[in-house]
Structure formats: structure tokens, C-alpha cells
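Open the model in your viewer and set up a cartoon view with side chains ready to switch on. We will go from one selection to the next, with a short note on what to look for at each stop.

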Amino acid sequence: MIRSFIINNYLAREFSKVVINMSLAFFCLGFIVNLFEEINFFKDLSVGINIPIMLSALFVPSMIYNMFPFVILMSGIWFFLRIRKTDEIIAMRVSGMSNFSIIMVPSFVSIILGVLFVMLVNPITSVLVKKYETIRGGYETQQHEYLATINMNGIWIKEKNFGKNYIIRAANLDNQNLIDLTIYEFDYSHDFIKRIDAASADISSLNWKLKDATVISANGKIISKNVNNLPYSSRYDIKKIKSLYSNLDTISFWSMGNEIKLLENRGYSTREMKTKLQRSIAFPFFLLSMVLLSGVFTLGKRSKENNS
């Protein structure tokens, strides 16, 4: 019993070391590759090297999280090949351990790592990605002209058309219609011009059609009332509105349930977010399958060919 505990502890410790070293190797490689991309993005801007380095450091942890199953697969292959090459596996078999019992120790470690990654690492990487997008977005020329978001107060859109600025708010999304819509129109100097209230707006195309619309001037006078099919040209249609949460890496595992409820109340499709939630729940078992796969491809071989 004591001998079995010592061997299992040794296997768990050595496999953890391989995983850490492999993760560091992938982190360094990802950091260098992403750094070149950030430098290319900032090549026409007068910024120093500190900004690309900081952005790479914020982004790469999320990339490692998404690639971690592959890291576990490579770590498992490396670990099992090493104990075969050093003939440690022979000593373990002499002590009464089978290939299955040897594989089970790294498998148990991978499940623990999967749980820790989902519950602890994922919330951290989501915060880092949000910070990354905030900093990088501040250097994009279109950042302050076009913006769309969904929050507890409804759907908000900020855009610039024909030299004017518009702020749009809707209560929720029903199929291809924005419900309880308000459009605030400002001139180029951000002076308020007029407001449009509408019961709904068909946003199936970039040319919206407002129903039961009321146009109110800057001094509060009603210009027109109960207008149907009032046209409005926007840069957002139903496809763009439904892709507001295209980067799900900014949402942590713990807040995903609340985000799903929020989007469902706003009429937003939650299929992709539910898929990500299910993938997060299955993440530890995915890592387990990677360890089992690596063990089958290495310990299952009888011949002693070289590692390649």
C-alpha cells in the first residue's frame, strides 16, 4: 500500500512538472507570435514597445486556456515516452502496476487541472481579455464612432451616419424586430437635433423600417406622429446585432448563467453561449480523454522504436 502511494505520488508529481514545462513553452511561443501581430497593428501609430508587450501578456493566457487540451495531449505523450525510455515503466510493472493503473494517475491529475482551469483560471483569463479589448480598442479609429452592446437596460447602439451621430436604445429583440425603440440624433458637434420613438423597427436589412414612429424636435415639439415604415439607414442589421457576443472569451464560467438569462430576456440567441457552457462543464473530461489517448499511443506499443 505504501509502495503504491509512493509510486502514484511520483507519477502525479512528474506529470505535473511536464504539464507546467509544456505550458510555459506554449506560453512563450504564443507570446512571441502574438507580439509580432500587435507590433504590426501598431506600426502606423506612435506607441512604444511597452503597449504590444502588455497586450500580448493579457491575451496569451486566454489562448493557452483554449489550447490546454492540446497541451495535455503533448504532455501525456512526452511523459509516457520518457518513463518508457528510462525503463521506469518496467520497475512499475514489476511492483504489480499495469498500464491502466499507470495511466490512471495522470488522468486523475488532468481532471483536477480541468476543474481548476474552469473555476479559477477561466474567470481570470476573461478579465484579461476584456482588458485587452478595452486597451486595443482605444487605438482603433472606428472605436468611438460605432458601438453596440447589450446590458440590463436593453440594447444600445452608437453610430455615425451622413455626418450625424445617433444613439439608439431598444428594450429587446423579437425575431428581426427591435421593440420599444428610441433614436437620439445629434449633429457633428454633438448638439441634440431630434428624437424618434417607435414601437418597433424591422432590422432585417441595413435600411430599417420604423413602425408607429413619433418624431420629436429638440425643443420637445412633435413633428410627426404614428408614422409607419419610417426609413432609417443603419450600419447594423439583425446579423450584426446577433453577433455582439462573438468573443465569448470575455465571459467567465461563473457569470455565464446570468448572461444567458439576460440575453434570453432580450430576445437574443443563446445557442453559442449554451454550447460554451456545456464545453466548460465537459472540459475536465476532455483533458481526461487527451491523457487516455496519449497513453494508448505510447504505452500500448510493444516495440522500442525511437520517439519519432
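The tour below goes through a predicted model, starting with helices and ending with strands.

**Stop 1: the α4 and α7 pair**

Select residues 99–137 for α4 and residues 271–298 for α7. The axes of these two helices lie 8 Å apart, and the angle between them is about 155 degrees. Angles over 145 degrees count as roughly antiparallel, and α4 and α7 are therefore roughly antiparallel to each other. Look at the handedness too: α4 and α7 make a right-handed crossing.

Now show side chains at the contact. From α4, pick I103, M104, P106, S107, S110, I111, L113, G114, V115, F117 and V118; from α7, pick S280, F283, P284, L287, L288, V291, L292 and G295. Colour them by class and you will find 14 nonpolar and five polar residues, with no charged ones, in the contact of α4 with α7.

**Stop 2: α6 against α7**

Keep α7 on screen and add α6, residues 256–265. What is the angle between α6 and α7? It is about 165 degrees, and their axes are 10 Å apart. That angle makes α6 roughly antiparallel to α7. The crossing of α6 and α7 is left-handed.

For the side chains, select M256, E259, I260, L263 and E264 in α6, which meet M273, K274, K276 and L277 in α7. By class, the contact of α6 with α7 has five nonpolar residues, four charged residues and no polar ones.

**Stop 3: M97, in a loop before α4**

Go next to M97, in the loop that links α3 (88–94) to α4 (99–137). Is M97 buried or exposed? M97 has a relative accessible area of 10%, and buried means under 20%, so M97 counts as buried. To see what surrounds M97, show I7, N8, L11, M92 and I102, its contacts once neighbours within four places in sequence are set aside.

Before moving on, draw a C-alpha to C-alpha distance from M97 to D212: the two are 76 Å apart in space and 115 residues apart in sequence. We will come back to D212 at stop 5.

**Stop 4: two hairpins, β2 to β3 to β4**

Select β2 (residues 154–161), β3 (164–174) and β4 (177–186). Strands β2 and β3 run antiparallel and are joined by seven bridges. One pair to highlight is K158 with its bridge partner in β3, I167. The hairpin of β2 and β3 has two residues between the strands, and F162 in the turn has a positive phi of about 55 degrees.

On to the other hairpin. Nine bridges join β3 to β4, again in antiparallel fashion, and here you can pick out R169 opposite T182 in β4. Two residues lie between β3 and β4 in this hairpin, where N175 has a positive phi near 55 degrees. N175 is a residue other than glycine, and its relative accessible area of 60% makes N175 exposed.

**Stop 5: β7 and its surroundings**

Start with D212, in the loop between β6 (207–211) and β7 (213–217). D212 has a positive phi near 50 degrees and is not a glycine. At 37% relative accessibility, D212 is partly exposed.

Then select β7 itself. How many of the five residues of β7 are buried? Five of the five are, so β7 is largely enclosed by the rest of the structure. In a regular strand, side chains alternate between the two faces of the sheet. Here both faces of β7 are covered, with A213, V215 and S217 buried on one side and T214 and I216 buried on the other.

V215 is a good residue to centre on. In β5 (residues 192–202), which runs antiparallel to β7 over four bridges, I196 stands opposite V215. In β8 (residues 222–227), which pairs with β7 in the antiparallel sense over three bridges, the bridge partner of V215 is S224. The hairpin of β7 and β8 has four residues between the strands, and G220 takes a positive phi near 90 degrees there.

Finish on S217, also in β7. S217 is buried at a relative accessible area of 15%, and it touches F192, I193, K194 and I223, leaving out residues up to four places away in sequence.

Terms used
Residues numbered from 1 in each chain as written. Predicted model: local features only at pLDDT ≥ 70, side-chain atom pairs only at ≥ 80, totals over all residues. Heavy atoms only, no water. Buried < 20%, exposed > 50% of the residue type's maximum accessible area, 1.4 Å probe, protein only. Contact = heavy atoms within 4.5 Å. Axes fitted to C-alpha atoms, helices over the stretch in contact; angles between N-to-C directions. Parallel < 35°, antiparallel > 145°, perpendicular 65-115°, else oblique. Left-handed = near helix turned anticlockwise from the far one by under 90°. Nonpolar A, V, L, I, M, F, W, Y, C, P; charged D, E, K, R; others polar. Pairing = 2+ DSSP bridges.
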